[in-house]
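Could you walk me through this structure while I have it open in my viewer? I would like to know what to select at each stop and what I will find there.

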Amino acid sequence: MLFNSLTFVVFFAVVVTAYWSIRSWNARKNLLVVASYVFYGAWNPPFAALLFSTTAMDFWLGRRIAKAKGQRSRRAWLVGSVCMNLSMLGFFKYGNFLLQNFQWLLARIGIIYQPPHLDILLPVGISFYTFHSLSYTLDIYRDVLKPTKSLRDFILAVSFFPQLVAGPIVRAGDFLPQLVRPPALRAGQFFWGLLLMTLGLFEKIVLADTMLSGSADRIFGYAGPLVALDSWLGVMAFAGQIFFDFAGYSTCAIGAALCLGFHLKDNFRFPYAAIGFSDFWRRWHISLSTFLRDYLYIPLGGNQVRPVRCATNLVIVMFLGGLWHGAAWTFVVWGLLHGSYLVVERVIRGLFENKEWASNLATRLFAGFATYAAVCIAWVFFRASDFTVAARMLRGMFGGHPHGDAILTTREMLQIALVTAGMILVHWSLRDSNIETAVMRLPPWIVTAAWALMACAIILTQGNSNAFIYFQF
Amino acid sequence: MPSSTSNFKRILRLPRLFFSKPPEIERVHGGPPFEYERPIPQVPWRGITVVVVLIVIAAVSAWEFCCRSIGYGPTLNDNEDLWTMARQRVKPESVVIIGDSRAWYDLDLDELEKGFGKRPVQLAMGGSCAYPVLADLANDENFHGTIICSIVPRLFVAPPGTLPMERTEKTVRRSHTETPAQRVSQYLAMPLEERVAFLKQEELTLDDLLKRLPIPNRPHAQVPPRLPPYFGTLDRERRARMIEECARPGSELARMIQQIWIPLFTPPPPPTYIPKEEFEKKMGQAIEQRFHDIAKAVQKLRARGGKIVFVRFPYGGGLKDLEDRETPRAGIWDRVIKDTGAPGIYYEYYPELKGFDCPEWSHLSAGDSVEFSKRLVPHLRKALQL
């Protein structure tokens, strides 16, 4: 079920009404479990069984880890949980990719092997709910969380419908405590949740799908050479599209959870105002970057090791982060590019951090725009269907096609320029703040006008029910 | 509740660090109620919400009034889910209409039902290539019914990657992958679309309104061709009927649409990045492949006892001059009939089918579609040997 669909509007209205009408906290939680499975099953009912089985397995493994006596035994149960989750992810998401690469490798050594094409349907949100579930056993193993006694509570923690299919990646340790006592219905919290949902839908339907996606699709789908202006505009359109698409989903999820009395953390914090790439990853898909930091980067040694090892750790983490996004080498290159950006940034910081000029406004602005440009270059690999397209785009962006085609209409160029400029302006003006503070500072009539305008724009756009980009991951 | 921005920082506690082990009480499920609580801006929420609801209701009502005053009326959107609903009505022995918008507007389902003894299923799609639907029905092992297939040559042989082809492929794919949520959304949308005039996904969306802004373009910018505005209504059976305003001879709307068909039916220039000869060669190969695929699909269908008849529906005015020049009968039409061995009805061969006037050059009015269908039925029955 998509947030931007009529089905969800009716579903959400029914669930919220029933939820706040029921007095018993247990009954309310039961309702949310049923609603979450209906929400998920509305895509493909059989996959709800897969979701349940991985959840139940992790619930049981979590208890085994907690009960195990020795460290070896605890580790064995944890390995069981990690293997179960990752093999599920590997089969559904990377099965064909691994087979194709295996075939290619055999061909290099002269063995012709034709693997069967596995007609595997990717369960929606598998990358997200696998991580929701995995965080539970990992935290129990690390002794920062005690296992819950309630299977129902754990099922709800993994499958809570606002964050189920495209994040944020909510750790069981952050969600389970919220299931202890029933939240009270507060008008401010409820209406703020509704406003956040409107904002998220506005970002997705109006800004991502209407203002930017058409131009990005046209540029990346064009088979001929493009001039630099069109190439850059196409990439900037995609940079905006993916932000508004994913941040829009996260904002909707946070808003929907708030309407039900739950608190999810921010997943984005104005990332295009980042100064440097470590700052970017503290602002972009925060729930994934902190997951990778806590469960991968730090266990690998983090930055408490020699510089070369630390750089290697960064590249490994970003390599896996890239692969998490999709089973294609273009995603791997995207991840590796970000890994190398982080390494270069560390070197530059080491050399110039103490210089006086390094912290003045001009340098910060320059660094900010350089970060944005480098992030855009990396997006080329994320969006391109293959390396041929990526190479053609990069050649265009760096002036390799001075006599290439200029295909964008003036309207499309204006839309990209205005939306991108507006986005960057908002990100820079709020980079050290948050949206709640901004709303507090605004006169109520502006909040009212902005909310009404967003709602009218959503209705006028008639929400074409395009799937969110991150659903495919 | 926070009363200033400084308080937000206190409430917006940073998540605990992974390696700083929390105290025992916090490790227990059932420890502190909330690790994290989102700040809620303190503004007069009830008042704001009431005003927002009133503004939205007023704005939407005004927009609806405006759309109706300039001639729009409620109708269903022809989307993938509506098509999927129709596709699901196809039974093994159904009579199915496929093809482009001429099969949509020119055929009256009631008249065909009288003639065939069963109600046909309307699967034609505006501006689309019929081949993916033909292939889908040919591959459906359960289906051995009758297909009435409209041919507009430029659309029928549209190569892969072009809009007419992509539209049909996407729709056919949706019919195989439609989720329960999408089906429910369609059921919820239909009563709204039948009552609200501004719900037009291909015309009155923000995107389409922006496209109409009169902004001059750079030379060589690829401007998508303009599509005709609202001129027909669609019901739950996907029956299309031309609205009165368009059916009126010489109406402004009909004349405007006539001028839109000309660029739409004019072959676009070849892309600049491929030599013209190479492009023409590729197009030629793609069209040859299409003839081959069509013949194969028809053969497969007939092998199961299915039947198919190709129909060329009336068209007129400047559009007829253009179509006859660019895609003469001796070209694609004759080739399809010859390769497939299927019967064909070219309206111009039959005096009783010939005299109809298309108000906007491409489709019949609602009234004429009834009479045309009545006259077409005997020819269809004869061609299909019924």
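Here is a tour in a few stops, beginning with the contact between two chains and ending in the loops of chain A. Keep in mind throughout that this is a predicted model.

**Stop 1: the interface of chain A and chain B**

Colour chain A and chain B separately and select the residues in contact. You should have 78 residues from chain A and 70 residues from chain B. The two chains bury about 6,600 Å² between them, and carbon and sulfur atoms give 66% of that area. On the side of chain A, select A:Arg411, A:Met440 and A:Gln462: they lose the most area to chain B, together 10% of what that side buries.

Now switch to polar interactions. Across this interface there are 18 residue pairs in polar contact, with both residues at pLDDT 80 or more. To see which parts of chain A are involved, show the helices that give two or more residues to the side touching chain B: H1 (6–21), H8 (187–221), H9 (228–259), H11 (286–297), H16 (410–429), H17 (435–441) and H18 (444–461). If you colour that side of chain A by residue class, you will get 41 nonpolar, 20 polar and 17 charged residues.

**Stop 2: a salt bridge between the chains**

Across the interface of chain A and chain B there are four salt bridges. Zoom in on one of them, the pair of A:Asp230 and B:Arg218, where the closest N and O atoms are 2.9 Å apart. Where do A:Asp230 and B:Arg218 sit? A:Asp230 belongs to helix H9 of chain A, while B:Arg218 is in the loop between helix H11 (206–211) and strand E4 (232–234) of chain B. Next, colour by accessibility. A:Asp230 has 0% relative accessibility and so counts as buried; B:Arg218, at 22%, counts as partly exposed.

**Stop 3: salt bridges within chain B**

Zoom out for a moment: the whole structure holds 47 salt bridges over all chains. Then select B:Asp78 and B:Arg238, whose side chains meet in a salt bridge at 2.9 Å, N to O. B:Asp78 is in the loop between helix H3 (45–69) and helix H4 (80–87) of chain B, and B:Arg238 is in the loop between E4 and strand E5 (240–242) of chain B, so the pair ties together parts that are 160 residues apart in sequence. Both B:Asp78 and B:Arg238 are buried.

Another pair to pick is B:Glu178 with B:Arg183, where the closest N and O atoms are 3.1 Å apart. Is each partner buried or partly exposed? B:Glu178 is buried, with a relative accessible area of 10%, whereas B:Arg183 counts as partly exposed at 32%. To finish this stop, select B:Asp110, B:Glu113, B:Arg119, B:Asp235, B:Glu237 and B:Arg239 together: salt bridges that share partners join them into one network.

**Stop 4: helix H2 of chain A**

Select residues 25–41 of chain A, which form helix H2. A distance check is worth doing here. At 1.5 Å a residue, its 17 residues should span 24 Å, and the end C-alpha atoms are indeed 24 Å apart, so the two agree. Just before the helix, A:Ser24 caps the N-terminal end of H2(A), with a side-chain oxygen 3.3 Å from the backbone nitrogen of A:Asn26.

Now show the buried residues of H2(A), among them A:Trp25, A:Arg28, A:Lys29, A:Phe39 and A:Tyr40. What covers the buried residues of H2(A)? The cover includes H1, H3 (45–67), H5 (126–141), H6 (151–159) and H9 of chain A, together with helix H10 (180–193) of chain B.

**Stop 5: three loop residues in chain A**

Begin with A:His401, in the loop between helix H15 (387–397) and H16 of chain A. A:His401 counts as buried at 12% relative accessibility. Leaving out residues up to four places away in sequence, A:His401 touches A:Pro225, A:Leu226, A:Val227, A:Arg392, A:Arg395 and A:Gly396.

For the backbone, pick A:Phe270, in the loop between H9 and helix H10 (277–281) of chain A. Its phi is near 50°, a positive value in a residue other than glycine, and A:Phe270 is buried, with a relative accessible area of 14%. Last on the route is A:His285, in the loop between H10 and H11 of chain A. Phi of A:His285 is also positive, near 40°, and A:His285 counts as buried at 0% relative accessibility.

How values were computed. Residues numbered from 1 in each chain as written. Chains lettered and ligands numbered in written order. Heavy atoms only, no water. Contact = heavy atoms within 4.5 Å. Buried area = accessible area lost by both parts, 1.4 Å probe. Polar contact = N/O pair within 3.5 Å; in protein donor to acceptor, adjacent residues only side chain to side chain. Helix = DSSP H or I, 4+ residues; strand = E, 2+ residues; numbered from the N terminus. Nonpolar A, V, L, I, M, F, W, Y, C, P; charged D, E, K, R; others polar. Expected span 1.5 Å × (residues − 1). Buried < 20%, exposed > 50% of the residue type's maximum accessible area, 1.4 Å probe, protein only.
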